[in-house]
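Got your viewer open? Load the model below and keep the selection box handy.

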Amino acid sequence: MKLEEFNSLPSKEAWDQLFKCCGCTHWANNVVEHMPFKSIESLKELSDNSWWDCRKADWLEAFSHHPKIGQKALEKKFEATKSWAENEQSGTQNADENILQELIQANNTYENKFGFIFIVCATGKTAGEMLGLLNDRLNNDAEKELNIAAQEQNKITHLRIDKLIS
């Protein structure tokens, strides 16, 4: 949809669309409160400000709205963003089964260590690249990793805003 169409949506519909871009209630509420937007750049600027105004619990909420990297059968809870997630993770679609198994194991290790799933802006990355990033990030402490995951979520949000408003 065009920006003008987005700006004319009722608040609830706009909120629903934004929540598909970033599954964070605080973030979506704040962005909707500032409608209408003059440009996609102003929307993204507000998006950034709203995201960095969030707390850890808000970030964890957003992370919970993503399937794990390499997850073949997307669960029903991801139905609203299934096509976006499949496209974003397209680097895993034809990956070697051994790499996918390593991704599953590393994802589990990561989630056990940090308490949330591995978040990476997967667009344009191969399964091997994502596995390498995941293994590297397992060496981080919890605070550093939370901030990296938040940065990656913000990149994903920008890409999804671009998909929403074209």
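What follows is a walk from the whole fold down to single side chains.

**Whole chain**

Start in cartoon view, and keep in mind that this is a predicted model. You'll find nine helices and zero strands, so to speak a plain run of α-α-α-α-α-α-α-α-α when read along the sequence. Colour by accessibility next: of the 166 residues in the protein chain, 46% are buried. If you draw a contact map, look off the diagonal. Among contacts between residues at least 6 apart in sequence, 67% join residues at least 24 apart.

**The core**

Now select F6, W27, F37, W51, F63 and Y110 and show them as sticks. These are the residues that touch the most other members of the largest nonpolar core, a set of 49 residues. Which helices supply at least two residues each to this core? Try α1 (3-8), α2 (11-21), α3 (25-33), α4 (40-52) and α5 (56-63), then jump to α7 (97-114), α8 (127-137) and α9 (142-164). The top contributor is α9, with six residues.

Stay on W27 and bring up its surroundings. Setting aside residues up to four places away in sequence, W27 touches L18, C21, C22, S47, S50, W51 and C54, plus T157 and I161.

**A stop at D48**

Select D48, which sits in helix α4. Measure C-alpha to C-alpha from D48 to W27 and you should get 9.3 Å, for two residues that are 21 apart in sequence. Is D48 buried or exposed? Neither, quite: its relative accessible area is 22%, so D48 counts as partly exposed, since buried needs under 20%. Beyond its neighbours within four places in sequence, D48 is in contact with N154 and H158.

**Aromatic pairs**

Time to show the rings. A pair of aromatic rings is described by the distance of the centres and the angle of the planes. There are eight aromatic pairs in the structure. Go to W52 and W59: the ring centres are 5.5 Å apart and the planes sit at 85°, so this pair is edge-to-face, the cut-off being over 60 degrees. The two partners differ in burial class. W52 has 40% relative accessibility and so is partly exposed, while W59 is buried at 8%.

Then pick Y110 and F118, an edge-to-face pair with 5.4 Å centre to centre and 80° between the planes. Both Y110 and F118 are buried. Widen the selection to F63, Y110, F114, F116 and F118, and you have a cluster linked by ring pairs.

**Where α7 meets α8**

Hide the rest and keep α7 and α8. Two packed helices are described by the angle between their axes and the distance between the axes. Here the axes come within 10 Å and cross at roughly 30°. That puts α7 and α8 under the 35 degree limit, so they are roughly parallel. Their crossing is left-handed. To see the contact, select I99, E102, L103, A106, N107, Y110 and F114 on the α7 side, with A127, G128, M130, L131, L134, N135 and R137 on the α8 side.

Finish on N107, in helix α7. How buried is N107? Its relative accessible area is 3%, so N107 counts as buried. Leaving out residues up to four places away in sequence, N107 touches K68, I69, F118 and L134. You have already met F118 in the ring cluster and L134 on the α8 side of the helix contact.

Notes. Residues are numbered from 1 along each chain as its sequence is written. This is a predicted model: local features need pLDDT of at least 70, side-chain atom pairs count only at pLDDT 80 or more; totals for chains, interfaces and linings use all residues. Side-chain values use heavy atoms; hydrogens and water are left out. A nonpolar core is a set of buried Ala, Val, Leu, Ile, Met, Phe, Trp, Tyr and Cys residues joined through side-chain atoms within 4.5 Å. Buried means under 20% relative accessible area, exposed over 50%, partly exposed in between (1.4 Å probe, protein chains only). Helices (H or I, at least four residues) and strands (E, at least two) are DSSP runs, numbered from the N terminus. Contact means heavy atoms within 4.5 Å. Rings of Phe, Tyr and Trp (its six-membered ring) pair if their centres lie within 6.5 Å; planes under 30 degrees apart count as stacked, over 60 as edge-to-face and the rest as tilted. Axes are lines fitted to C-alpha atoms, for helices over the stretch in contact, and angles run from 0 to 180 degrees between N-to-C directions. Angles under 35 degrees count as roughly parallel, over 145 as roughly antiparallel, 65 to 115 as roughly perpendicular and the rest as oblique. A crossing is left-handed if the near helix is turned anticlockwise from the far one by less than a right angle, and right-handed if clockwise.
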